[in-house]
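Open the structure in your viewer and keep the selection tool at hand. Each stop below tells you what to select and what to look for there.

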Amino acid sequence: MLTKRTIIGLIVGSAIIALGAYSLLSQIGPTITVNEHFFLEVGDPIFLTIPGPVNASQSLKIIGDTFDLKLESPGDGKQIPNTSYKNELKLNWIHSEDGDTKIKIQNTGNNELEITAVTEQTPNPIGFTFDIMVITSGIVIIGFSMGFSLRKPKGF
């Protein structure tokens, strides 16, 4: 017979295992697509590093009053020295070799910037380890909760 605590532990542990497994399966493969949306306050800089494999497509859209942008892509990829822009900028590029694209954006206008990036990145090995830890914690929760349904010896 299962106690209420055991049933609750089974449900919670199963939910945690399912979330960890979904996250793990969504990151399997040579690349993952990441959609990011930022807002940059007046005068603030932002530094972005995008790790990507060969032939990974990247896109960046910046909307704002005025801003400075510097972009360095690995290999013979897109290179933009520190340049000022107004209103809107749309960039699309492809990594010519494995490596990190480095981007620096400085808001020089009177309004906040809206930055939208859609990138193909290599999966983070720390994320893989984190997902395994989440799955393991779900198993531990189920194990502890099963202990509540065991018959207790005399004296407890």
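Start with N124, in the loop between strand 6 and helix 2, which covers residues 125-147. This is a predicted model, so keep that in mind at every stop. Is N124 buried, partly exposed or exposed? Its relative accessibility is 46%, so N124 counts as partly exposed. Now add I32 to the selection. N124 and I32 lie 92 residues apart in sequence, yet their C-alpha atoms are 9.7 Å apart in space.

**Zoom out: the whole chain**

Colour by secondary structure. You should find two helices and six strands. Reading from the N terminus, the order is α-β-β-β-β-β-β-α. How does the chain's radius of gyration stand against the globule rule? The radius is 24 Å, well over the 15 Å that the rule gives for 156 residues, so the chain is more spread out than a compact globule. Along the principal axes, the C-alpha trace spans about 80 × 35 × 20 Å.

Switch on the surface. The accessible surface of the chain comes to about 10000 Å². Carbon and sulfur atoms account for 61% of that surface. Of the 156 residues, 30% are buried. Contacts in this chain often reach far along the sequence: among those between residues at least 6 apart, 78% join residues at least 24 apart.

**Strand 6 and its partners**

Select residues 113-121, which form strand 6. Show the side chains. They alternate along the strand. L113, I115, A117, T119 and Q121 point to one face and are buried. E114, T116, V118 and E120 point to the other face and are not buried.

Next, add strand 1, residues 32-40. Strand 1 and strand 6 pair in the antiparallel sense, over nine bridges. Which residue of strand 6 is the bridge partner of H37? Select T116 to see that partner.

Then add strand 3. It also runs antiparallel to strand 6, and six bridges join the two. For one place to look, pick Q58, which stands opposite T119 of strand 6.

**The nonpolar core**

Hide the surface and select L60, I62, L69, L91, I103, I105 and I115. These residues have the most contacts inside the largest nonpolar core, which has 18 residues. Strand 2 (45-52), strand 3, strand 4, strand 5 (99-107) and strand 6 each supply at least two residues of this core. Which strand gives the most? Strand 3 does, with five residues.

Stay on I62 and display its contacts. Not counting residues up to four places away in sequence, I62 touches F67, L69, N87, E88, L89, I105, L113, E114 and I115.

**The aromatic pair**

One of those contacts of I62, F67, is the next stop. A search of the whole structure finds one aromatic pair. The pair is made by F67 and Y85, whose ring centres are 5.9 Å apart. Their planes meet at 25 degrees, so the pair counts as stacked. F67 sits in strand 3 (residues 57-72) and Y85 in strand 4 (residues 79-94). They are 18 residues apart, and the pair links distant parts of the chain. F67 is buried, with a relative accessible area of 0%.

**A buried serine in a loop**

Move to the loop between strand 3 and strand 4 and select S73. Buried or exposed? S73 has a relative accessible area of 5%, so it is buried. Leaving aside neighbours within four places in sequence, S73 is in contact with K78, Q79, W93, H95 and T101.

**Two asparagines with positive phi**

Select N55 in the loop between strand 2 and strand 3. Its phi is near 65 degrees, a positive value in a residue other than glycine. N55 is exposed, with a relative accessible area of 57%.

Finish at N87, in strand 4. N87 is not a glycine, but it has a positive phi of about 65 degrees. Its relative accessibility is 54%, so N87 counts as exposed. You have met N87 before: I62 touches it.

Methods
Residues are numbered from 1 along each chain as its sequence is written. This is a predicted model: local features need pLDDT of at least 70, side-chain atom pairs count only at pLDDT 80 or more; totals for chains, interfaces and linings use all residues. Side-chain values use heavy atoms; hydrogens and water are left out. Rings of Phe, Tyr and Trp (its six-membered ring) pair if their centres lie within 6.5 Å; planes under 30 degrees apart count as stacked, over 60 as edge-to-face and the rest as tilted. Helices (H or I, at least four residues) and strands (E, at least two) are DSSP runs, numbered from the N terminus. Buried means under 20% relative accessible area, exposed over 50%, partly exposed in between (1.4 Å probe, protein chains only). Two strands pair if DSSP finds at least two bridges between them. Contact means heavy atoms within 4.5 Å. The radius of gyration is taken over C-alpha atoms; the globule rule is 2.2 Å times the number of residues to the power 0.38. Accessible areas come from the Shrake-Rupley method with a 1.4 Å probe; for residues, only the protein chains shown count as cover. A nonpolar core is a set of buried Ala, Val, Leu, Ile, Met, Phe, Trp, Tyr and Cys residues joined through side-chain atoms within 4.5 Å.
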